[in-house]
Amino acid sequence: MAAVPISAQPAAKQLVEHEGKTYDTVREGRAYILIPPNTRTLVDPQAKAKAGDGSEKPQNVFYNPIQQFNRDLSVLAIKAFGEDLCEKRSLKYKGGKNQAKKERKRQRKEAHAVAGQHEGDRGTKRKRPVEQDDGRDEDGEGVKLRKTDTGLTALPVEQTASIGAEEPEAQDTAQQATTVGGTIDGDMASSQADGGHTQGGAVMAEVPVAEDGVLDQKMFDVDKTVAAVNGDHAQQPSKAKFRILDALSATGLRALRYATEIPFATSITANDMDRNATKSIRTNVEHNKLGHVISVNTANAMAHMYSAAFPPDNSHGPSHVNGKYDVIDLDPYGTAAPFIDSALQALNDGGLLCVTCTDSGVFASCGYSEKTFSLYGGLPVKGPHSHEGGLRIILHSIASSAAKYGLAIEPLLSLSIDFYVRMFIRVSRSPADVKFLAGKTMLVYDCDAGCGAWNTQLLGRNVRQTGKKDVKGQQNNPTFNFKHSIAQGPSVDRLCEHCHSKMHVAGPMWGGPIHNAAFVGKVLDDARAADSDVYQTKPRIEGMLDTALDELVVIEDAEDLWRNIKREDGTYGPLPKTPPETMDLHPFFFMPSALSKVIHCVAPPEAAMKGALRHAGYRATRSHCKPGSIKTDAPWTVVWEVMREWVRQRQPIKEGALKEGFAGWHIMQAARKPEEVPNGTANGEDTKQDDSPDIVTETAAAPTGMPPSDPARIRVVFDEVLGKDKPGKRLVRYQQNPRENWGPMARAKGSA
């Protein structure tokens, strides 16, 4: 295949020649990147032996195709967040514009009144009071308003030309106009009626004004000024400012995809401290013809973000431009802990922080607990739920870092994926919400060496206090506030109450919800409508997001907390905020296969286990972290009672399988005696069952959320029909390794 120049139209598997070097073209989404021929793109220890001559070259700039799922999901999540943010800014801008319009009208009236009074004091007569709000005199000529010691005074028409010549900068500023995501509202001919100013026959459009009447340069970005010369009014489209930072860009693939797949992104910065990486990014940007959107920066990521948060003193003043970002994406090789503080300060209020951590051997393993504490300020939890525990430790680290600056975090979507975690967090400036952090921070007591049970211990309490209802006017709508105090403890004994094994401490970690159901639902809808050719991991995205939504059913009043924001016309309303006092009292999951190992029995089917819990009145679903997991609001007392009934009703344990003193032996000591079997049946099975007692198909279940008063003596029915999930489209919830020797790749060999 003949090589083409870099200016050619990009295409997959294309040979490109640039500056005497030849590159292969790799396509992902709608972006194309250039890599040297025969560059290693997968982990295969046998690759060198198969090639025979070691023709595969190590990467000079890091590129891992395994993380395409991460990048596909990030594009969809940022797009969903950006649409909501721009819509809110549009509403705020329109409200501020109307308020500013009224304020200018009031000021003009006051100026005319002051001018008339001033002339009356000097004994002069006014032939005609100036009352026009459109800035014209009775002959239709333009009238300037000049600020004087007594206020705003209308100047004669003949002075307007000299004023325009003396103050070109002010005139240019007044001509700027912006709207959100489109062209200027209305046509130029109606701008007078809308409160616009005219000067010499030229229409002057509105300047963006915040709610306090001050020009808001942070919110809107004017692409071009509105030309108005001799009645020739040219309209130019303008956008709401939406800036994204790819702080650790490597090849720049993320920045390229954001630029090509998020149409309302006005500015994207691709930063890397490796000069080889930024050189590669510039080449890729040039090849994709995105130089007008993407700017490449060579700097330390922390230094760049701190400089955006704290610009030099000489940059302040009328010409100052806000350098903060609306979205910051941190995707390092390893931990993101060193970048969290600077990223939080470089975000605009209400911005989105996207964080990836690939050091699961640290945050999800007890082998380096001292490293976990030094990086994230918490100790890892041991067991099947270790990855979700690590995810919550990282969320707590981010929340505590943000709280120092009066910033509150709201996890919109937090996932444990393969060998890493990915989080999308909304960060808002709210000292009032920060007060709830202690009440959403928990320690975990884990029976990791015994039965696997766990208990949580909150560090603080957020108690809602309602005002007096007998106060006049507050009978139907009483006021309330929250009292923040220290929690009582400990919540458990030193030994496990179920198996008498030692309990170990983990945390502190985040104790609130890890998803926002409204946001997840919006991203899921966008994923279903996305092009499968662009988002090649679409099936897995759908499955994982659907599973993440299911996790939230164990939170009390979840449907009321996150209402459906999709309108009848297919559009979406504002993204609701998760109330700061919301807690996730059932943060982890268990695996029936792991519990079966403790008591040495055959593992119950997932549907049978969930059916028994749902029949007893508890909620039961799955977790996105691991296949075969069950997340429920049932206490461990009920879980182990169900397992004991499984042994008694279905799979008896072989004699001598449990040794005295072991965890399983202690648990089975609490098994029911024959005289304690409900309904007086000898074997604990329903007398109405047919000859196939292994599967109960029609059994009345207790209402969900209404568990029995005595959890230890519930009537256990393994109803697999009740335990099965709702029928529908088959989803890829847990993807298997796509090939042999699959996993994270080695760090690139580039040098700074």
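## Helix pairs, aromatic rings and buried residues

Helices α13 and α14 run roughly antiparallel to each other. The model is predicted. The exercises below start from this helix pair.

### Exercise 1: the pair α13 and α14

Task: Work out why α13 and α14 count as roughly antiparallel, and find which residues meet.

Solution.
- Step 1. Locate the helices. α13 covers residues 517-529 and α14 covers residues 538-551.
- Step 2. Take the geometry. The packing angle is about 155°, and the axes are 10 Å apart.
- Step 3. Apply the cut-off. Angles over 145 degrees count as roughly antiparallel, so α13 and α14 are roughly antiparallel.
- Step 4. Give the hand. The crossing of α13 past α14 is left-handed.
- Step 5. List the α13 side. Ala 517, Val 520, Gly 521, Val 523, Leu 524, Ala 527 and Arg 528 make the contacts.
- Step 6. List the α14 side. Their partners are Lys 538, Ile 541, Glu 542, Leu 545, Asp 546 and Leu 549.

### Exercise 2: the pair α16 and α18

Task: Decide whether α16 and α18 are roughly parallel or roughly perpendicular to each other.

Solution.
- Step 1. Find α16. This helix spans residues 592-599.
- Step 2. Take the angle. α16 and α18 pack at about 65°, with their axes 11 Å apart.
- Step 3. Apply the cut-off. The range 65 to 115 degrees counts as roughly perpendicular, so α16 and α18 are roughly perpendicular.
- Step 4. Add the hand. α16 and α18 make a right-handed crossing.
- Step 5. Name the contacts. Leu 595, Ser 596, Val 598 and Ile 599 of α16 meet residues of α18. Those α18 residues are Trp 636, Val 639, Trp 640, Met 643 and Val 647.

Two tryptophans of α18 now lead into the next exercise.

### Exercise 3: tryptophans and their rings

Task: Classify the ring pair of Trp 454 and Trp 636, then the pair of Trp 636 and Trp 640.

Solution.
- Step 1. Count the pairs. The model has 9 aromatic pairs.
- Step 2. Take Trp 454 and Trp 636. Their ring centres are 6.2 Å apart and their planes stand at 85°, so this pair is edge-to-face.
- Step 3. Place both residues. Trp 454 is in strand β21 (residues 454-458), and Trp 636 is in helix α18 (residues 636-649). The pair therefore ties together parts that are 182 residues apart in sequence.
- Step 4. Check burial. Trp 454 has a relative accessible area of 11% and is buried. Trp 636 is buried at 11%.
- Step 5. Take Trp 636 and Trp 640. The centres are 6.4 Å apart and the planes at 35°, so this pair is tilted.
- Step 6. Place this pair. Trp 636 and Trp 640 both belong to α18, 4 residues apart, about one turn of the helix. Trp 640 is buried, at 1% relative accessible area.
- Step 7. Join the rings. One aromatic cluster holds Trp 454, Phe 588, Phe 590, Trp 636 and Trp 640.

### Exercise 4: charges over rings

Task: Find which ring Arg 243 lies over and which ring Arg 540 sits over.

Solution.
- Step 1. Start with Arg 243. It lies over the face of Tyr 325, 4.5 Å from the ring centre.
- Step 2. Move to Arg 540. Its charged end sits over the ring of Phe 69, 4.7 Å from the centre.

### Exercise 5: three single residues

Task: For His 18, Lys 610 and Ser 430, say where each lies and whether each is buried or exposed.

Solution.
- Step 1. Set the cut-off. Buried means under 20% relative accessible area.
- Step 2. Take His 18. It lies in strand β2 (residues 15-18). Its relative accessible area is 14%, so His 18 is buried.
- Step 3. List its contacts beyond four places in sequence. His 18 touches Ile 6, Tyr 23, Thr 283 and Glu 286.
- Step 4. Take Lys 610. Its place is helix α17 (residues 606-615). At 2%, Lys 610 is buried.
- Step 5. List its contacts beyond four places in sequence. Lys 610 touches Ala 620, Thr 621, Arg 622, Ile 630, Gly 723 and Asp 725.
- Step 6. Take Ser 430. It is in the loop between β19 (420-429) and α12 (431-434). At 16%, Ser 430 is buried.
- Step 7. List its contacts beyond four places in sequence. Ser 430 touches Gly 406 and Ala 408.
- Step 8. Check a distance. Ser 430 and Tyr 405 are 25 residues apart in sequence, and 9.4 Å apart from C-alpha to C-alpha.

### Exercise 6: the whole chain

Task: State how many helices and strands the protein chain has, and what share of its residues is buried.

Solution.
- Step 1. Count the elements. The chain has 20 helices and 26 strands.
- Step 2. Give the share. Of the 752 residues, 48% are buried.
- Step 3. Add the contacts. Among those between residues at least 6 apart in sequence, 69% join residues at least 24 apart.

Notes. Residues numbered from 1 in each chain as written. Predicted model: local features only at pLDDT ≥ 70, side-chain atom pairs only at ≥ 80, totals over all residues. Heavy atoms only, no water. Helix = DSSP H or I, 4+ residues; strand = E, 2+ residues; numbered from the N terminus. Buried < 20%, exposed > 50% of the residue type's maximum accessible area, 1.4 Å probe, protein only. Contact = heavy atoms within 4.5 Å. Phe/Tyr/Trp six-rings, centres within 6.5 Å; stacked < 30°, edge-to-face > 60°. Lys NZ or Arg CZ within 6 Å of the ring centre and 35° of its normal. Axes fitted to C-alpha atoms, helices over the stretch in contact; angles between N-to-C directions. Parallel < 35°, antiparallel > 145°, perpendicular 65-115°, else oblique. Left-handed = near helix turned anticlockwise from the far one by under 90°.
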